[in-house]
Amino acid sequence: MVQRYQSPVRVYKYPFELVMAAYEKRFPTCPQIPVFLGSEVLRESRSPDGAVHVVERSCRLRVDAPRLLRKIAGVEHVVFVQTNILNWKERTLLIEAHNETFANRVVVNEHCSYTVHPENEDWTCFEQSASLDIRSFFGFENALEKIAMKQYTANVKRGKEVIEHYLNELISQGTSHIPRWTPAPVREEDARNQAGPRDPGSMEAHGPGSALGPTLEAVSMDGDKLDADYIERCLGHLTPMQESCLIQLRHWLQETHKGKIPKDEHILRFLRARDFHLDKAREMLCQSLSWRKQHQVDLLLQTWQPPALLEEFYAGGWHYQDIDGRPLYILRLGQMDTKGLMKAVGEEVLLRHVLSVNEEGQKRCEGSTRQLGRPISSWTCLLDLEGLNMRHLWRPGVKALLRMIEVVEDNYPETLGRLLIVRAPRVFPVLWTLISPFINENTRRKFLIYSGSNYQGPGGLVDYLDREVIPDFLGGESVCNVPEGGLVPKSLYMTEEEQEHTDQLWQWSETYHSASVLRGAPHEVAVEILEGESVITWDFDILRGDVVFSLYHAKKVPRPGAREPGTRASGQLIDKGWVLGRDYSRVEAPLVCREGESIQGSHVTRWPGVYLLQWQMHSPPGSVACSLPGVDDVLTALHSPGPKCKLLYYYEVLASEDFRGSMSSLESCTSGFSQLSAATSSSSSGQSHSSSLVSR
């Protein structure tokens, strides 16, 4: 594979003639470049009027490689042939170089140019490009490629420093101005000689029709090129290879992309997201540009107006800047009714709003860059999780969150500079386990998580936010106008017809299982746990009737007992001969769930075996809710047209090797809104801990 390098335009704020005088000081040797061992002139010629000076040199470069590689190659230095065409009249210097050593195994070509700045004739521009093609090298092709590119980019930076060194030396010696070239008067005899036959090896061979001719066109200045000062000022410090990747990708877009060309900082984000792997970044950027065109994202800030309901209940907004000048976005997720918002406006509206936040974030970064005079390419998010509970684990909401994360990761890479997570409750590890696999590793490194009041004091928010910017609800001095969120009234929910129109009901039915619970015929689900520490999570909605939810643990797999003729499979798994406390034990106290309620919960297991999630019809006061039905009860329930409860449920097991939070952090995870009974069976003591949250 051919490796390529393209530099930005580097500007010397000195006239071309003075820069050329500094350049000539590099020969025949240059102590400032240790790998440059010396050079000798092979051929030299001038045009009759002295305007064009051509020099061909042989340059020796020390091989800066491991001793073993030098021994295998059998050389301590390599030879390059460099051809310089200096045109005093046009004020250009064109340089071409290629390797002579190992030319049949390795092909190196370099093209450089010094030209006058298009907007200031007293400044000089420098550009260079190079290609490296390692065809074969004793089985060390990859190693040689890395060594060569590393050494080349190091010398690129060093080359500019050397020119500046000799410029300062000339000025210190009193040479601060060199007159421009002017043509000498041509005598009649010289004119006749110029009209006569030419030596093929003379200057005419280097005229516009020669092989060197196209180089002038290839490196000529145009308005679409990037200069190094602009990159440093507006995009930040980049290594030579990073600059090269940016310029190559930008040039490719200018040649092939028919739509709006992204801004340089946007292109750079995709390169950073793919560690400056040019092909991978190009693929990612092309997919994103296609997505933006398909969804008209470029017009989003002009066309998007969030519904009034979102403005009231979406607990997020912009709030000044962090200590580094990044725009600060505050999201009070713990106070936000994600389920209510989903049911009121739908997933697509929420996604559109999230995209508008990201578009606004990029716009604010550009504003901060102009205001501060230094590059600001990302923003900071302050995520307040106070109030986060099992309600936020509602599966359609989690799936919508994962989709939003995926869309943002694919189309807004490297826009998040830092995520400050404060007041993380003990239920947070469950949510983190569900979403973290979908977050890029580079993004996860930017997360700082504070539980309890750890965000206060040294090492907390004051390290990232000025005290006058910290919101008042976190003990700061700044009045924060971000909406406080709260429960969305059910009266604002979409109707079933509206939900069907948005395909939400279909999406939710793909996630959930449906079940019917008859009197005396509970619905039970067996979950086998092969290791001690795991987390069982559940999420269910009561569509009709009232039920009692319980969780049991058994050491053996239950088998449905023999059924009487005419009965159907009812989902009842606990054998009627089992005895509570001997064959199985209760690990979650019975929870009464009313019609219309949504329940989310989790359970940290401590022992392997089978866990049974049970839903049974709620018995009238005075009856025993957890007593097991007999055969007669089941037959009566199945054959009678009596009341029936309906529910949608979902459960998931998070194995310990996949759990990215602390298992112990869930041991005392109890929601303040939990309707769990305070009493638990003595048989469950010491086995596990769980929590459930009821939302209406």
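**Figure 1. The largest nonpolar core of this predicted model has 57 residues.** Here's who has the most contacts inside this core: Tyr314, Leu341, Leu350, Leu385, Ile421 and Ile435. Helix α14, which covers residues 395-411, chips in seven residues, the largest share of the core. There's also a second, separate core, this one with 24 residues, including Ala22, Tyr23, Tyr114 and Tyr166. If you're wondering about the general pattern, nonpolar side chains tend to be buried together in soluble globular proteins.

**Figure 2. A close-up of Leu385 and the residues it touches.** Skip the neighbours within four places in sequence, and Leu385 is still in contact with Leu333 and Gly334. Leu385 also meets a run of others: Ile421, Val422, Arg423, Ala424 and Pro425, plus Phe428. Two names here, Leu385 and Ile421, are also among the residues with the most contacts inside the largest core.

**Figure 3. Helix α1 is largely enclosed by the rest of the structure.** Why say so? Because seven of the nine residues in this helix (residues 16-24) are buried. The buried ones are Phe16, Glu17, Leu18, Val19, Met20, Ala22 and Tyr23. You've met Ala22 and Tyr23 already: both belong to the second core.

**Figure 4. Thr380 sits in strand β11 and is buried.** The strand itself runs over residues 379-384. How buried is Thr380? Its relative accessible area is 0%, and buried means anything under 20%, so Thr380 qualifies. The side chain of Thr380 makes a polar contact of 2.7 Å with the side chain of Asp322. Leaving out residues up to four places away in sequence, Thr380 touches Asp322, Arg326, Pro327, Leu328, Tyr329, Arg418 and Leu420.

**Figure 5. Helices α9 and α14 pack at an angle of about 120°.** Their axes are 9 Å apart, and α9 spans residues 278-295. On the α9 side, look for Met284, Ser288 and Trp291; on the α14 side, find Val407, Glu409, Asp410 and Asn411. Sort these contact residues by class and you get three nonpolar, two polar and two charged.

**Figure 6. Four strands form an open sheet with antiparallel pairing.** Read across, the order is β15-β20-β17-β18. Strands β15 (523-529) and β18 (584-593) are the edges, each pairing on one side only. Neighbouring strands are turned by 15° against each other on average, direction ignored. Zoom in on β17 (residues 547-554) and β20 (residues 609-617), and you'll find an antiparallel pair with eight bridges. As one example, His553 has Tyr611 in β20 as its bridge partner.

Note on methods. Residues numbered from 1 in each chain as written. Predicted model: local features only at pLDDT ≥ 70, side-chain atom pairs only at ≥ 80, totals over all residues. Heavy atoms only, no water. Core = buried A, V, L, I, M, F, W, Y, C linked by side-chain atoms within 4.5 Å. Buried < 20%, exposed > 50% of the residue type's maximum accessible area, 1.4 Å probe, protein only. Helix = DSSP H or I, 4+ residues; strand = E, 2+ residues; numbered from the N terminus. Contact = heavy atoms within 4.5 Å. Polar contact = N/O pair within 3.5 Å; in protein donor to acceptor, adjacent residues only side chain to side chain. Axes fitted to C-alpha atoms, helices over the stretch in contact; angles between N-to-C directions. Nonpolar A, V, L, I, M, F, W, Y, C, P; charged D, E, K, R; others polar. Pairing = 2+ DSSP bridges.
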